[in-house]
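Work through the exercises below with the sequence and the coordinates open side by side. Each task is followed by a solution that proceeds step by step.

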Amino acid sequence: EVEMGAEDPGALDSWLSERLGRRGFAADLAPNGYRLIGGRSLPTDSGVGAQYMYESGDGKRLTVFIGRAASARGVKSRFLQEGDLGMIYWIEANLSYAVVGHLDRDDLVRVTQQVHRSLAAGPTPTAPRAAPPERHPEAPSAPPSADPPPPAHDADPTKPS
């Protein structure tokens, strides 16, 4: 359930940014067939986190979480699977990110790559946004190629950690 709907994406971004204490915005997941339906703030060990919720045309849902990282040290992405629920998470630029959904590993990797591209590019200019920056300073840095490689894994990504 969303705390705030996505009717006004700029208001949603501002509301979640205020709670997060940093500028945040929803990733554009339209290329993957997902539309933003809303968001909510969540408590974390490091303060408040922002959770953006998306839904596909066939009713599949996924979330993108952004929160303050307990450590400034970056973490390469990790894949976790529990039943049909998958998650890829990483830490970059003092922020932790997680993409969670009932998706297979390959679909989750594709969505995560789009999240990375979208956050590196900045807010979508076609949607009304509150004072968008030139570039989101807390977003992951742009990958050197147009399509970032699949996330790194320490173990067999098909096995739960």
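The exercises go from the whole chain to a helix, a core and a pair of strand residues.

**Exercise 1. Describe the fold of the chain, and state how far the confidence values support it.**

Step 1. Since the coordinates come from a predicted model, begin with confidence: the protein chain averages a pLDDT of 78, and 75% of the residues score at least 70.

Step 2. Locate the low-confidence stretch, which covers residues 126–161, where pLDDT stays under 50 although the model has 72 contacts there beyond four places in sequence.

Step 3. Count the elements, which are 2 helices and 7 strands, and read their order from the N terminus as β-α-β-β-β-β-β-β-α.

Step 4. Turn to the totals: buried residues make up 47% of the 161 residues, and the accessible surface comes to about 8,300 Å², with 52% of it belonging to carbon and sulfur atoms. Among contacts between residues at least 6 apart in sequence, 55% join residues at least 24 apart.

**Exercise 2. Characterise helix α2, from its span and its ends to its buried residues.**

Step 1. Helix α2, residues 105–121, has 17 residues and reaches 24 Å from its first C-alpha to its last, which is close to the 24 Å expected at 1.5 Å a residue.

Step 2. At the N-terminal end, Asp104 acts as a cap, with a side-chain oxygen 3.2 Å from the backbone nitrogen of Asp106; just after the helix, Gly122 takes a positive phi of about 100°.

Step 3. The buried residues of α2 include Leu108, Val111, Val115 and Leu119, but also Thr112, Gln113, Gln114 and His116. The buried residues of this helix pack against β2, β4, β5, β6 and β7.

**Exercise 3. Identify the residues that touch the most other members of the largest nonpolar core, and then follow one of them through its contacts.**

Step 1. The largest nonpolar core has 29 residues, of which Leu29, Tyr52, Tyr54, Leu62, Val99, Val111 and Val115 touch the most other members.

Step 2. At least two residues of this core come from each of α1, β2, β3, β4, β6, β7 and α2, and α2 gives the most, with 5 residues.

Step 3. As background, nonpolar side chains in soluble globular proteins tend to be buried together.

Step 4. Leaving aside neighbours within four places in sequence, Leu62 is in contact with Leu29, Tyr34, Tyr52, Met53, Tyr54, Val99, Val100, Gly101, Leu103 and Val111.

**Exercise 4. Which class of exposure, buried or partly exposed, applies to Arg61, and which applies to Thr63?**

Step 1. Place both residues: Arg61 is in strand β4, and Thr63 is also in strand β4.

Step 2. Thr63 has a relative accessibility of 17%, and because this is under the 20% cut-off, Thr63 counts as buried. Arg61, at 47%, falls between 20% and 50% and therefore counts as partly exposed.

Step 3. Compile the contacts beyond four places in sequence: Thr63 is in contact with Gln51, Tyr52, Met53, Ala98, Val99 and Val100, whereas Arg61 is in contact with Ile37, Tyr54, Glu55, Gly101 and His102.

Step 4. Examine the side chain of Arg61, which a polar contact of 3.0 Å joins to the side chain of Glu55. As a final distance check, the C-alpha atoms of Arg61 and Leu103 are separated by 9.2 Å, with the two residues 42 apart along the chain.

Technical notes: Residues are numbered from 1 along each chain as its sequence is written. This is a predicted model: local features need pLDDT of at least 70, side-chain atom pairs count only at pLDDT 80 or more; totals for chains, interfaces and linings use all residues. Side-chain values use heavy atoms; hydrogens and water are left out. A nonpolar core is a set of buried Ala, Val, Leu, Ile, Met, Phe, Trp, Tyr and Cys residues joined through side-chain atoms within 4.5 Å. Buried means under 20% relative accessible area, exposed over 50%, partly exposed in between (1.4 Å probe, protein chains only). Helices (H or I, at least four residues) and strands (E, at least two) are DSSP runs, numbered from the N terminus. Contact means heavy atoms within 4.5 Å. The expected span of a helix is 1.5 Å times one less than its number of residues. A polar contact is a pair of N or O atoms within 3.5 Å; within protein, one must be able to donate a hydrogen and the other to accept it, and residues adjacent in sequence count only if both atoms are side-chain atoms. pLDDT is the predictor's confidence in each residue, from 0 to 100. Accessible areas come from the Shrake-Rupley method with a 1.4 Å probe; for residues, only the protein chains shown count as cover.
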